[in-house]
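These are my notebook entries on one structure, written up in the order in which I looked things up.

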Amino acid sequence: MKRLLKALGGWFDARLGVRETILPMLKHPVPARVAGPMGWWYVFGSASMTLLLIQILTGIGLALVYVPAPDNAYSSLLSLNHDVPLGWFLRALHYYAGSGMVVLVLIHMTQVFLHGAYKYPRELTWVVGVFLLLCVLGMFFSGQVLRWDPDAYWGLAVGGSMAGRVPWVGPWVVGLLLGGPIIGGDALSRFFALHVFVIPGVLLLLLAVHLWLVLKCGISAPPVPGQIVDPKTYDVEYKKEVEKGVPFLGDAMMKDALFSALAAIAVVALAAWLGPVGPSALPVPSETGANPRPEWPFLWLFGLLSLSPPAAETFIILVFPLLLIVGLLAVPFVSNRGERSPRRRPMAVLAVVVIYAVLGALTYQGATAPWSPHMTAWSGAPVPEDVVRRSNPVELRGAVVFQYKDCRNCHALEGQGGRRGPDLTDVGRRLTRDQLIDQVSNGTPGGGLMPAYGKQVSDAEMAALTDFLVSLRPPGQPPARSTTEPQTARKEP
Amino acid sequence: MTEPHPNPETMPRRGFFQKLMTWTTYAAGAVAAAAVGVPFVGYLLGPLRKDLEKWVDLGPLDDFKDLVGETRLHTFPNPLGQPWDGKAAKTGVYVRYQGPGRPAKEQFVIFAMNCAHLGCPVSWFPQSGLFMCPCHGGVYYASGKCASGPPPRGLFQCDWRITRAVRLEVKAPHYPTLQDTLRPEDRS
């Protein structure tokens, strides 16, 4: 039996030439220390690839059921969640393996950056890697659109509006992005094609180039402080290094395989534990109420936008990401020589720390941004009882005006309500009656966050409203007073 | 593989024919590439065609006579959509009848639902007379003018007309963006 198998294998190999071509590639020599403990730094790229395999597998599985048309996309997703055996698991795994891919690709990139592995002669490997990162992010965005729910729908609308701001050619970009005059089947089909054919095709092609470059330039040796990269001498030094090296097919590959297996087990466990994400509801554009937040890899940009003045928006949306990409692409050309060890590159370490701290803070901001008004607070969040317990009838009337004029949609009382504007639980301590009238009537000066209510409330309503607002302060606290007001300020009613 | 290669040096010179062959191949290749590429690119650019003028009936004018000054949301399946759009084609417009006394052009004002900021659907709050966007806090006055928040302009207005049968029709709105508004007079 064994002899037969061997003969069969030999027959195929004589024609395929695996032993001549593929085997030497797998056995390509890597620096000896990669087989040691330092080798654990080298496992993230191959683990991303393992998750990519899971994505291809689960993606094909999902495509067997998913309908990329608006009238049935949502129901086919529900069917996957509830009817198709293990459909829920495939959806969950596709989401968590995709998330894991973003995480691992970022870690891989960070490791390459910190170890200076992008320096000569591996500049192109880094550049291709940046485009691979863009592909992974593109997959994440297009994948969210396929999860045809209000977040996906209005996310697409936001994307369309952003594209519409491109100078001069905006309308054409919108047309090509959405594929039709309204956001519907054409847009969904196009994002399906992007997600299933275009981006994966580009990604696999780039991945082949990336891997070829890894083979061609060799795996960089673990950095040693004082060992300088000089393009003139590096090739000779590296050749010497790998002459003492070990074949990749061995300890180095084992580490890759073990970590890949652990990564796969981790995403499977996450998927089984947390289950599929969405779809939250069928998107109906004529229904009011939407609050699209992007998927987590894009929350930082959302957070940045929520902190920025409207005037900076177009720049942040259209130019800033391009600058970031150009910055990433420029890394190996700005510094392609010199020290590789992070111990001798404090600025590189600092840059990584700062970038991740900023991204983390912005992501937190994006996840919690009080950007959106609370559209149902005017009717859904009553004025807290203890706020009005000791109010006089005029102040009570003011509380009614406060609710009825939708102030609560943006202003919380005791934490309940919108957080777009400040919480007004103790505004009577902060603003005088005149300031309140000015603020309510004219809104934020210069077109800020608060609309001018001057024409929306009658004089009586305004009087009651300001009485109510002045009364909003902790018991025993005097109302706010202006420094320009005479000491004998008018008496509190 | 077993056939002996002819020695090129002993072969008769075929310079001219070789060149002809080479250039013919280039030319044929270019023609083939164009024959495949031009229609394909044309197909991809298809969505940029602009022949979308469809009108949606919103009911007889008399139905609005009792609603002077009131802002109502009218929803309808957008005829610009695809048959397989399902509920995704359901579009809404805010319609207000301003009364017969005005210039004919101002009798109606019709707003698209999409916020001028990033396209989210705005809600009308009659008690405060404001349109509010649920996404990023854009607020508009009843006139459609931006009251506060990030929108760079007022709400997008739709074209409308009264038919001979005295019915109100609105021009089916495409997805409006800053440089692609719904009325020609809105282009900045």
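The entries below go from the contact between the chains to single residues.

**Entry 1: the model.** I note at the outset that I am working with a predicted model.

**Entry 2: the contact between the chains.** I asked how many residues each chain gives to the contact. Chain A contributes 64 residues, and chain B contributes 55 residues. I then looked up the area that chain A and chain B bury between them and found about 4,600 Å², with 63% of it on carbon and sulfur atoms. Next I looked for charged pairs across the contact, and the count of salt bridges between chain A and chain B is zero. For polar contacts between the two chains, I recorded 19 residue pairs, both residues being at pLDDT 80 or more. I also looked up which helices of chain A take part: α4 (70–82), α7 (150–163), α8 (170–178), α9 (185–217) and α13 (313–334) each supply at least two residues of the side that touches chain B. Sorted by class, that side of chain A has 38 nonpolar, 17 polar and nine charged residues.

**Entry 3: aromatic pairs.** Over all chains I noted 26 aromatic pairs. One of them is A:Phe402 with A:Phe468, a tilted pair with 5.5 Å from centre to centre and 55 degrees between the planes. Why does this pair tie together parts that are apart in sequence? A:Phe402 belongs to helix α17 (residues 393–404) of chain A and A:Phe468 to helix α20 (residues 459–470) of chain A, so the pair ties together parts that are 66 residues apart in sequence. I checked burial as well, and both A:Phe402 and A:Phe468 are buried.

In chain B I looked at B:Tyr97 and B:Phe108, which form a tilted aromatic pair at 4.9 Å centre to centre, with 40 degrees between the planes. B:Tyr97 sits in strand β3 (residues 90–97) of chain B and B:Phe108 in strand β4 (residues 108–112) of chain B, eleven residues apart. B:Tyr97 and B:Phe108 are both buried. Back in chain A, I found a cluster in which ring pairs link A:Tyr95, A:Tyr96, A:Phe140 and A:Trp296.

**Entry 4: salt bridges.** I recorded 13 salt bridges over all chains. In one of these, A:Asp467 and A:Arg433 have their closest N and O atoms 2.7 Å apart. A:Asp467 lies in helix α20 of chain A and A:Arg433 in helix α19 (residues 433–442) of chain A, so this salt bridge ties together parts that are 34 residues apart in sequence. I asked whether A:Asp467 and A:Arg433 are buried or exposed; both are buried. I then turned to A:Arg389 and A:Glu385, whose closest N and O atoms are 3.6 Å apart in their salt bridge; both of these residues are exposed. A further salt bridge joins A:Asp13 and A:Arg19 at 3.1 Å. Its two partners are placed in unlike ways: A:Asp13 is buried at 17% relative accessible area, whereas A:Arg19 is exposed at 54%. I also noted a network of salt bridges linking A:Asp426, A:Arg429 and A:Arg430.

**Entry 5: a buried lysine and its neighbour.** I located A:Lys405 in the loop between α17 and α18 (427–430) of chain A. A:Lys405 has a relative accessible area of 6% and therefore counts as buried, the cut-off being under 20%. A polar atom of the A:Lys405 side chain lies 2.8 Å from the backbone oxygen of A:Gln456. Among the residues in contact with A:Lys405 I listed A:Tyr453, A:Glu461, B:Gln127 and B:Ser128. A:Asp406 is found in the loop between α17 and α18 as well; A:Asp406 is buried at 1% relative accessibility, and its phi is near 65 degrees, a positive value in a residue other than glycine.

**Entry 6: backbone details.** B:Val166, in the loop between β9 (160–162) and β10 (167–171) of chain B, has a positive phi near 55 degrees. I also looked up cis peptide bonds. One runs from A:Tyr120 to A:Pro121, with omega near 0 degrees. Another joins A:Gly278 and A:Pro279, with omega about -5 degrees. A:Pro121 lies in the loop between α5 (87–114) and α6 (123–146), and A:Pro279 in the loop between α11 (251–274) and α12 (299–307).

Conventions:
Residues are numbered from 1 along each chain as its sequence is written. Chains are lettered from A and ligands numbered from 1 in the order in which they are written. This is a predicted model: local features need pLDDT of at least 70, side-chain atom pairs count only at pLDDT 80 or more; totals for chains, interfaces and linings use all residues. Side-chain values use heavy atoms; hydrogens and water are left out. Contact means heavy atoms within 4.5 Å. Buried area is the accessible area (1.4 Å probe) that two parts lose on being put together, summed over both. A salt bridge is a side-chain nitrogen of Lys or Arg within 4 Å of a carboxyl oxygen of Asp or Glu. A polar contact is a pair of N or O atoms within 3.5 Å; within protein, one must be able to donate a hydrogen and the other to accept it, and residues adjacent in sequence count only if both atoms are side-chain atoms. Helices (H or I, at least four residues) and strands (E, at least two) are DSSP runs, numbered from the N terminus. Ala, Val, Leu, Ile, Met, Phe, Trp, Tyr, Cys and Pro count as nonpolar, Asp, Glu, Lys and Arg as charged, and the others, Gly among them, as polar. Rings of Phe, Tyr and Trp (its six-membered ring) pair if their centres lie within 6.5 Å; planes under 30 degrees apart count as stacked, over 60 as edge-to-face and the rest as tilted. Buried means under 20% relative accessible area, exposed over 50%, partly exposed in between (1.4 Å probe, protein chains only). Lists of a residue's contacts leave out its neighbours within four places in sequence.
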